[in-house]
Amino acid sequence: MSGNRIIHTPEEIIRIRRAAAVTAQVRDEIARLAHPGMTTFDLDQLAGSLINATGGRSAFKNYHGYPGNICISVNDVVIHGIGRPDQIITEDDIVSIDVGVVIDNAMGDTALTFGFKEPSKEIKRLLDGTQQALMEGISAAVCGRFIRDISAAVEKCARRNRLAIVRDYVGHGCGIQLHEPPEVPNYTGWGKGPRLEPGMVLCIEPMLNLGTDSVRLDRSDGWTVRTADGRPSAHFEHMILITDNEPEILTWQKTM
Ligand code: MF3
Ligand code: CO
Ligand code: CO
């Protein structure tokens with residue numbers, strides 16, 4: 001694991017804070033407007049117009065060739081799902097949206113997973129447990145501690161909720177580039193990582209599964225990541241700023 005990390009300048013942080021706030025607003029607007037009967041392609045198009053209306057652009061479109069405006073990951077899709085005109089959202093689905101906006105050369109990156117009806121006990125454990133793992137990871141992100149402390153907090157919460165941790169993808173630094181050092185794993189066992197210092201901006205993003213932790217990349221599109229056993233997965237992501245005190249959640253909004 002690299003000991004590399006980026007400390008953003010106060011001038012950058014002003015722009016990053018605004019980009020993150022705009023991204024959070026778009027995320028919540030997409031979640032509010034999503035409904036059964038629409039296709040995931042419709043949802044991606046809607047996201048495209050909402051992003052456009054901010055004066056920014058999608059941070060994901062064309063990123064290493066990614067074709068969508070946002071990532072839309074339904075049920076067993078863990079991350080990086082691409083909106084499709086033949087995929088109709090039903091009220092039984094859980095939908096994860098991951099949104100990135102570039103504005104004024106700064107980035108936001110945030111995700112959440114939601115359903116449309118009263119969830120089963122298992123789905124509730126998955127959704128609440130993953131969101132809680134994110135919040136406990138954030139609580140551990142205090143200056144003077146290490147990346148590993150965030151990882152340990154996420155891992156402990158996942159364990160407590162009997163949820164499997166996806167290990168093939170990790171959180172990351174963010175702000176000016178979409179993916180900056182350091183990596184922020186959702187599990188421990190790899191060393192301490194860099195020390196947390198004011199000015200670091202991190203995306204913490206647990207990806208937790210009801211069944212196996214093992215995932216498969218869909219080779220037909222090169223992007224879609226699914227659970228190996230077909231059981232559901234959830235993903236929540238916030239972007240935070242390390243400060244002298246408590247972390248500042250840059251993508252905070254009322255629906256989360
Ligand atoms: N939003 C993802 C993350 O949290 C990255 C998506 S890259 C894309 O790191 F190309 F798939 F959009
Ligand atoms: Co993301
Ligand atoms: Co991210």
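How are the donor residues of the cobalt ion (ligand 2) spaced in sequence? The spacing is D-x10-D-x127-E. Keep that pattern in mind as you move through this predicted model.

**Stop 1: the cobalt ion (ligand 2)**

Select the cobalt ion (ligand 2). Then show its protein donors: Asp98 (OD), Asp98 (OD), Asp109 (OD) and Glu237 (OE). They lie 2.0 to 2.3 Å from the ion. Asp98 is listed twice.

Now look at the angles. Six donor atoms surround this cobalt ion, and they subtend angles of 57 to 169°. That spread makes the arrangement irregular. For reference, ideal angles are 90 or 180 degrees for six octahedral donors.

Next, colour the strands. Asp98 sits in strand β4, residues 95–103, and Asp109 sits in strand β5, residues 106–114. The two are eleven residues apart in sequence, so the pair ties together those parts of the chain.

Are these two aspartates buried or exposed? Asp98 counts as buried, at 8% relative accessibility. Asp109 is buried too, with a relative accessible area of 3%. The cut-off for buried is under 20%.

**Stop 2: the cobalt ion (ligand 3)**

Keep Asp109 selected and add the cobalt ion (ligand 3). Asp109 bridges the cobalt ion (ligand 2) and the cobalt ion (ligand 3). The two ions lie 3.2 Å apart.

Which residues coordinate the cobalt ion (ligand 3)? Show Asp109 (OD), His172 (NE2), Glu205 (OE) and Glu237 (OE), at 2.0 to 2.2 Å. Glu237 should already be on your screen, as a donor of the cobalt ion (ligand 2).

In sequence, the donor residues of the cobalt ion (ligand 3) follow D-x62-H-x32-E-x31-E. The site has six donor atoms, with angles of 51 to 173° among them, and is irregular.

Find two of these donors on the chain. His172 is in strand β7, residues 171–173, while Glu205 is in the loop between β9 and β10 (207–209). They are 33 residues apart in sequence, so this pair also ties together separate parts. Both His172 and Glu205 are buried.

**Stop 3: Asn186**

Stay with Glu205 and select Asn186. The backbone oxygen of Glu205 lies 3.2 Å from a polar atom of the Asn186 side chain.

Where is Asn186? Look in the loop between β8 (180–184) and β9 (201–204). Asn186 counts as buried, at 0% relative accessibility.

Now show what surrounds Asn186. Neighbours within four places in sequence aside, its contacts are Ser151, Val154, Glu155, Ile165, Tyr169, Glu205, Pro206 and Met207. Try one distance as well. The C-alpha atoms of Asn186 and Val166 are separated by 7.8 Å, and these residues are 20 apart along the chain.

**Stop 4: Thr251**

Go back to Asp109 and Glu237. Thr251 touches both. Leaving out residues up to four places away in sequence, Thr251 also touches Ala20, Ala24, Arg27, Thr110, His238 and Met239.

Select Thr251 in the segment after β15 (248–249). Thr251 is buried, with a relative accessible area of 0%. Then add His238. A polar contact of 2.7 Å joins the side chains of Thr251 and His238.

**Stop 5: aromatic pairs**

How many aromatic pairs does a search of the whole structure find? The search finds two.

Start with Tyr66 and Trp223. Their ring centres are 5.0 Å apart and their planes are at 85°, so this pair is edge-to-face. Follow the chain between them. Tyr66 lies in the loop between β1 (57–58) and β2 (71–74), and Trp223 lies in the loop between β11 (215–217) and β12 (225–227). The pair ties together parts that are 157 residues apart in sequence. Tyr66 is buried, with a relative accessible area of 2%. Trp223 counts as buried at 18%.

Then select Phe114 and Phe116. This aromatic pair is edge-to-face, 5.7 Å centre to centre, with 85° between the planes. Phe114 is buried, with a relative accessible area of 12%. Phe116 is partly exposed, at 26%.

**Stop 6: charges over rings**

Finish with two more rings. Select Arg167 and Tyr187: the charged end of Arg167 sits over the Tyr187 ring, 4.1 Å from its centre. Then select Lys192 and Phe146. Lys192 lies over the face of Phe146, at 4.2 Å from the ring centre.

Key
Residues numbered from 1 in each chain as written. Chains lettered and ligands numbered in written order. Predicted model: local features only at pLDDT ≥ 70, side-chain atom pairs only at ≥ 80, totals over all residues. Heavy atoms only, no water. Donors = N, O, S within 2.8 Å, 3.2 Å for Na, K, Ca; no water. Tetrahedral: all angles 85-135°; square planar, octahedral: opposite > 155°, others 65-115°. Helix = DSSP H or I, 4+ residues; strand = E, 2+ residues; numbered from the N terminus. Buried < 20%, exposed > 50% of the residue type's maximum accessible area, 1.4 Å probe, protein only. Phe/Tyr/Trp six-rings, centres within 6.5 Å; stacked < 30°, edge-to-face > 60°. Lys NZ or Arg CZ within 6 Å of the ring centre and 35° of its normal. Contact = heavy atoms within 4.5 Å. Polar contact = N/O pair within 3.5 Å; in protein donor to acceptor, adjacent residues only side chain to side chain.
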